[in-house]
Amino acid sequence: MTTALRPLGLGELLDRSFFLYRKHFALFVGIHALPYLLLLAFQLTGVAIGTTRGGMFSGLFFIWTFGSLIIQLGVTAASQGATVVAVSNVHLDREATISSAFAGIKGRILSISLIMIGVGIGTVLGFILLIIPGIILALMWALVIPVAVLEDTGLGDSISRSSELTKGSRLRILVIYILYFFLVIAINWLWEIPMFAVIGVFARQGHNAAMVPLWSQIVIPICNFLSLSLVTPLITIALSLTYYDQKVRKEAFDLQHMMAALDSAPGDAATALPG
């Protein structure tokens, strides 16, 4: 075992997250890019058939929007679940590949999607109640997906387990969320500002300002795809590492893992000896 399982400070946790992201860049970006290609293809198909041609209130537009939401939910569940599996494998010094990551959530995308819906509804309701309750719930439930994926629990058990694990560490989870928020904003501004500046130039040159240029309807989904593929893995990596860090702090997971490795060592050595 080369990974030192021990309690990590906030700085160490963030450093470990970026280290894993850089070292296994192709793995984590690939895990996110593959599912999101489906969403990108659906969005570009919508542009091709002109879903907005009949106006924002046309039946075709509503069908296309609903379909986009369903697909986005599915690909988000798949990418996050597979990333959690990959982080677990890397963190515990197991073989980690894109195929093994998705194999780890085989047949569970629907259940993960339903858990995400349940958590999302609860968090939104909390934000409606003067915002603060929503922030508290988001911090309490930050580890729901790692719990659901790695412990194979349902919505209720995942929520209660996450609430228990996050006790005492919600402030640093808040810092992780804030840093991720500003990172997303910065990455999006890199392409949004030039994009809307060019659209503004087209509008000033006499083009119909009420119509979004066709080229921008193609470029915007592609830029969103790149942003999601590049940035989203970081928050899932950080929260997955937080899950293991909390298990080390609260449940001596480091000792359990070490004992399991020692228990398996004699058998491994015996099989390696010649007969």
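Partly exposed describes a residue whose relative accessible area falls between the buried limit, under 20%, and the exposed one, over 50%. With that in hand, welcome to these close-ups of a predicted model.

**Figure 1. Lys-247 and Glu-251 pair along helix α10.** Four residues, about one turn of the helix, separate the two partners. Their salt bridge brings the closest N and O atoms to 3.2 Å. Glu-251 has 28% relative accessibility, so it counts as partly exposed. Lys-247, by contrast, is at 11% and counts as buried. Look a little further and you will find both in a network of salt bridges that also links Glu-151 and Arg-161.

**Figure 2. Asp-245 meets Arg-249 in a salt bridge.** This is another pair within α10, again with four residues, about one turn, from one partner to the other. The N to O distance is 2.7 Å. Asp-245 is buried, with a relative accessible area of 2%, while Arg-249 is partly exposed at 42%.

**Figure 3. Glu-164 and Lys-167 form a salt bridge.** Here the closest N and O atoms are 3.3 Å apart. Glu-164 has a relative accessible area of 40%, which means it is partly exposed. Lys-167 also counts as partly exposed, at 44%. In total, the structure holds seven salt bridges.

**Figure 4. Thr-236 and Ile-237 make contacts beyond their sequence neighbours.** Thr-236 belongs to helix α10, which spans residues 214–251. Because its relative accessibility is 7%, Thr-236 counts as buried. Leaving out residues up to four places away, Thr-236 touches His-32, Gln-80, Thr-83 and Val-84. On the same terms, the contacts of Ile-237 include Ser-17, Tyr-21, Phe-28 and Val-87.

**Figure 5. The largest nonpolar core brings together 46 residues.** Among those with the most contacts inside this core are Phe-28, Ile-105, Val-149 and Ile-237. Helices that each supply at least two of its residues include α1 (10–23), α2 (25–49), α3 (59–91) and α10. Apart from this core lies another, of seven residues, including Ala-33, Leu-39, Leu-40 and Phe-225.

**Figure 6. The largest pocket holds about 810 Å³ of space.** Of the 26 residues in its lining, Gln-80, Ala-138, Tyr-177, Ile-235 and Leu-239 are the closest to the centre. Two or more lining residues come from each of α3, α5, α6 (132–140), α7, α9 and α10. The biggest share is that of α5, with six residues. By class, the lining has 19 nonpolar and seven polar residues, and no charged ones.

Technical notes: Residues are numbered from 1 along each chain as its sequence is written. This is a predicted model: local features need pLDDT of at least 70, side-chain atom pairs count only at pLDDT 80 or more; totals for chains, interfaces and linings use all residues. Side-chain values use heavy atoms; hydrogens and water are left out. Buried means under 20% relative accessible area, exposed over 50%, partly exposed in between (1.4 Å probe, protein chains only). Contact means heavy atoms within 4.5 Å. A nonpolar core is a set of buried Ala, Val, Leu, Ile, Met, Phe, Trp, Tyr and Cys residues joined through side-chain atoms within 4.5 Å. On a 1 Å grid over the protein atoms alone, a cavity is a set of points where a 1.4 Å probe fits but cannot get out, and a pocket is an open set with protein on both sides within 12 Å along at least five of seven lines; lining residues have an atom within 4 Å of a point. Grid points are joined across faces, edges and corners, and a volume is the space filled by probe spheres set on the points. Ala, Val, Leu, Ile, Met, Phe, Trp, Tyr, Cys and Pro count as nonpolar, Asp, Glu, Lys and Arg as charged, and the others, Gly among them, as polar. A salt bridge is a side-chain nitrogen of Lys or Arg within 4 Å of a carboxyl oxygen of Asp or Glu.
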